[in-house]
Amino acid sequence: MGQTFNHDSFASHIIQSATALDTLYCVCSDELLLRNETVDSIRQACRDKGYNERTSLILDANGNWNAIQECTQSISLFGDLKILEITIPTGKPGKTGATALINLAAQVQKGEITDTIIVISLPKLDKTTAKTKWAQQLLAAATVVNIANIDRQQLPAWIKQRLKKQNQSVDDATLAWMTDKVEGNLFAAHQEILKLGLLYPEGQIQAEDIEKAILDVARYDVFSLSNAMLEGNGQRTVRMIQGLKAEGEALPLVLGVMTREIRTLYTLATARQQGENIAGLFRQLYIFPPRDKLIRQALERLSLRQLMGMIQHAHDIDRLFKGYPVNGRMDDAWEEITRLALKVVNPAIL
């Protein structure tokens, strides 16, 4: 009760729980694949210990929250131990749900639930939600598994480890190629890895075989584009802009995120030129690790004058999108967005 684990440490914990399971588990993550896998591991551990009756509830602010009480208080017809799985897709239970979760936490802490293991699955809680009464009391009563997102830097190692479970491997160049193809879509990455296990024998898989089997399932988003742009990765930046365009992403949204980053850099560069302590300004602008490292990298290669020009360039792209021609700019706003992003990547490019 009240313990907190990450994904890896919990896997060891659940295996070692030979004598008793906890009454309440909360699995929190925005990575749905890893969240589901963790819930699966708890479910299997419960079944191994005789919890054979399973009830699954999906609840939101308008859900039937009385069902929790009904499930925990009802007696099984066959005397089976029970598993109650509650999924809160939005992480926002609403007023009625909050009251139900507070009551559930109190019952668990008082030892009033004896024949049911409860597993609550929800997305990562934002700071505001984490401070609510229901969240604090629920997490204090539960064994909590917090699962972080798998970012691009971690993805090659994750793919390698998953292939190893199948007694398969690929060389580093192929691993990098696979990462590009499945970036941002962990479910698709998981499916492609399983497919390789079905198509090819154990051992090292050749690059040409991988290319035949792997689909281009990358899911592009504007925030990943922002990171690629700040870290100075031109090839990835261009690929992401092309992907966003192909997926029908709204150009104003892409431009808005890029402009926000450029204005942040401009604010920091101005303060630095005036001799201010930008470390304090980072906190004021809510720039925290790991994003602060990317911002600092961009600041090292961009001057205040260059950033001023980029703000004007962003303004010109906005006019192009609205149908107004701009001297010195191409007619295609997406082409100009690419040019602007590459200026952030390397101001010497254009």
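This briefing walks through one strand, some ring contacts and one unusual backbone angle. Keep in mind that the structure is a predicted model. The strand to look for is β2, residues 24–28, which is mostly covered. After that come two charges sitting over rings, at F288 and at F282, and then a look at N167, which has a positive phi.

**Strand β2 and its neighbours**
- Five of the five residues in β2 are buried.
- L24, C26 and C28 point one way from the strand, while Y25 and V27 point the other way, and all of them are buried.
- β2 pairs with β5 (residues 116–122) in the parallel sense, over five bridges.
- If you want a spot to find that pairing, go to Y25, whose bridge partner in β5 is V119.
- β2 also runs parallel to β6 (residues 143–146), and four bridges join the two.
- Here the spot to check is C26, which stands opposite V144 in β6.

**Rings and charges**
- The count of aromatic pairs comes to zero.
- K127 has its charged end over the ring of F288, 5.2 Å from the ring's centre.
- R296 lies over the face of F282, and the distance to that ring centre is 4.3 Å.

**A backbone oddity at N167**
- N167 isn't a glycine, yet its phi is positive, at about 60°.
- For context, most residues other than glycine have a negative phi.
- You'll find N167 in the loop between α7 (155–165) and β7 (168–169).
- Its relative accessibility is 45%, so N167 counts as partly exposed.

How values were computed: Residues numbered from 1 in each chain as written. Predicted model: local features only at pLDDT ≥ 70, side-chain atom pairs only at ≥ 80, totals over all residues. Heavy atoms only, no water. Buried < 20%, exposed > 50% of the residue type's maximum accessible area, 1.4 Å probe, protein only. Pairing = 2+ DSSP bridges. Phe/Tyr/Trp six-rings, centres within 6.5 Å; stacked < 30°, edge-to-face > 60°. Lys NZ or Arg CZ within 6 Å of the ring centre and 35° of its normal.
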